[in-house]
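Okay, thanks for making time, everyone. I have one chain to walk through today, so let me put it up on the screen.

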Amino acid sequence: MSFLERYLDTVETLPAELHKNLGAMKELDEQAEEQGAKLEVRCKKFLEAMQELSPQKRRDEIKTIQDEFKRTRQLSEKKVALSLQTYETVDKYIQELDTELNQFEAEHSVGGDARGRKRGRGDSESGGRRKMRGNSISDETDRIDDMPVDPNEPTYCLCQQVSYGEMIACDNPDCSTEWFHFACVNLKEKPTRKWYCPMCISLSKGS
């Protein structure tokens, strides 16, 4: 069985898993949004009528609001847990692909230097500068804070996060950071001229 056949056999169930998890996440998101809207209306009504309620009714209503808020939070927590599970599932397949690529390269490489070279997602191009696809990277997913990150995944930008969304490379070849997220450097579109990051601009002014 070839490398490609082995890997395709491994990921055969991935689309179904992703479809199931994303469907469940969407359903949880809709439930949490609906529950939150109801809670907001209830809180507003309570504040408007609070002066007319007896102390006991106030306590009862506050208790009900707290219970509804707890249910809303639980829905959100389930959605986050499911998103993390989905991330870990995809990351597991990525790691398996890395292993298969390493094995494939070791089996087909020629010469001592090439043999056994490990390919990882954090490898650098010759010359020491990490190379991206063009001057920007597009990703359909939004940034998710506190998402578990593969320790082998390279980080970029002022925020020291992994690549996501649109990114731009500093035109200073000696820039230590190299790549930046558009949002972190207040860019909405790719500049038409050479672009230098805030750190390199600051260093050039100080020299």
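I'll go from the overall layout to the cores, then to a few single residues and the salt bridges.

First thing to keep in mind: this is a predicted model. The protein chain has four helices and two strands, and if you read along the sequence the order is α-α-α-β-β-α. So the two strands come after three helices, with one more helix to finish.

Now some overall numbers. The chain has 207 residues, and 26% of them are buried. The exposed surface comes to about 15,100 Å², with 51% of that supplied by carbon and sulfur atoms. And if you take the contacts with a separation of 6 or more, 60% of them are between residues 24 or more positions apart.

Okay, where is the nonpolar material? The largest nonpolar core has 15 residues. The ones with the most contacts inside this core are Ile168, Cys170, Cys175, Phe180, Leu187, Trp195 and Cys197. The elements that give two or more residues to the core are the two strands, β1 at 167-169 and β2 at 179-181. β1 has the largest share, three residues. Apart from that core there's another one, of five residues, and Met25, Leu28, Ala32 and Leu75 are among them.

Met25, Leu28 and Ala32 take us to helix α2, since they're on its list of buried residues. α2 covers residues 14-49, so 36 residues. From its first C-alpha to its last, the helix reaches 52 Å, close to the 52 Å you'd expect at 1.5 Å a residue. The rest of the buried list for α2 is Leu14, Asn21, Gln35, Leu39 and Phe46. As a reminder on spacing, an α-helix has 3.6 residues a turn, so residues three or four places apart point the same way.

Let me jump to the strand region and a residue I'd like you to click on, His181. His181 is in strand β2. Is this histidine buried or exposed? His181 is buried, at 1% relative accessibility. What is His181 in contact with, leaving aside neighbours within four places in sequence? The list is Tyr156, Cys157, Cys159, Gln161, Val162, Ser163, Tyr164, Glu166 and Met167.

One name on that list deserves a second look, and that's Cys157. Its phi is near 70°, which is a positive value in a residue other than glycine. Cys157 is in the loop between α3, residues 55-108, and β1. Cys157 is also buried, with a relative accessible area of 1%.

There's another positive phi to compare with it. Asn186 has a phi near 60°, and again this is a residue other than glycine. Asn186 is in the loop between β2 and α4, which is 198-206. Here the setting is exposed, with a relative accessible area of 73%. So we have Cys157 buried and Asn186 exposed, each with a positive phi.

Last topic, the charged side chains. In general, side chains of opposite charge can pair when their charged atoms come close. The structure holds six salt bridges, and I'll show you three, including two that involve Arg42.

Glu61 and Arg42 meet in a salt bridge at 2.7 Å, N to O. Glu61 is in helix α3 and Arg42 is in helix α2, 19 residues apart, so the pair links distant parts of the chain. Glu61 counts as buried at 18% relative accessibility, just under the 20% cut-off, while Arg42 is partly exposed at 30%.

Arg42 also forms a salt bridge with Glu68, where the closest N and O atoms are 3.0 Å apart. Because Arg42 lies in α2 and Glu68 in α3, this pair ties together parts that are 26 residues apart in sequence. Glu68 is buried, with a relative accessible area of 10%. Put those together and Arg42, Glu61 and Glu68 are linked in a network of salt bridges.

The third one is a local pair. Lys63 and Asp67 meet at 3.0 Å, N to O. Both lie in α3, four residues apart, which is about one turn of the helix. Lys63 is partly exposed at 45% relative accessible area, and Asp67 is partly exposed too, at 31%.

That's what I have, so over to you.

Notes: Residues numbered from 1 in each chain as written. Predicted model: local features only at pLDDT ≥ 70, side-chain atom pairs only at ≥ 80, totals over all residues. Heavy atoms only, no water. Buried < 20%, exposed > 50% of the residue type's maximum accessible area, 1.4 Å probe, protein only. Contact = heavy atoms within 4.5 Å. Areas by Shrake-Rupley, 256 points an atom, 1.4 Å probe, with all protein chains shown as cover. Core = buried A, V, L, I, M, F, W, Y, C linked by side-chain atoms within 4.5 Å. Expected span 1.5 Å × (residues − 1). Salt bridge = Lys/Arg side-chain N within 4 Å of Asp/Glu carboxyl O.
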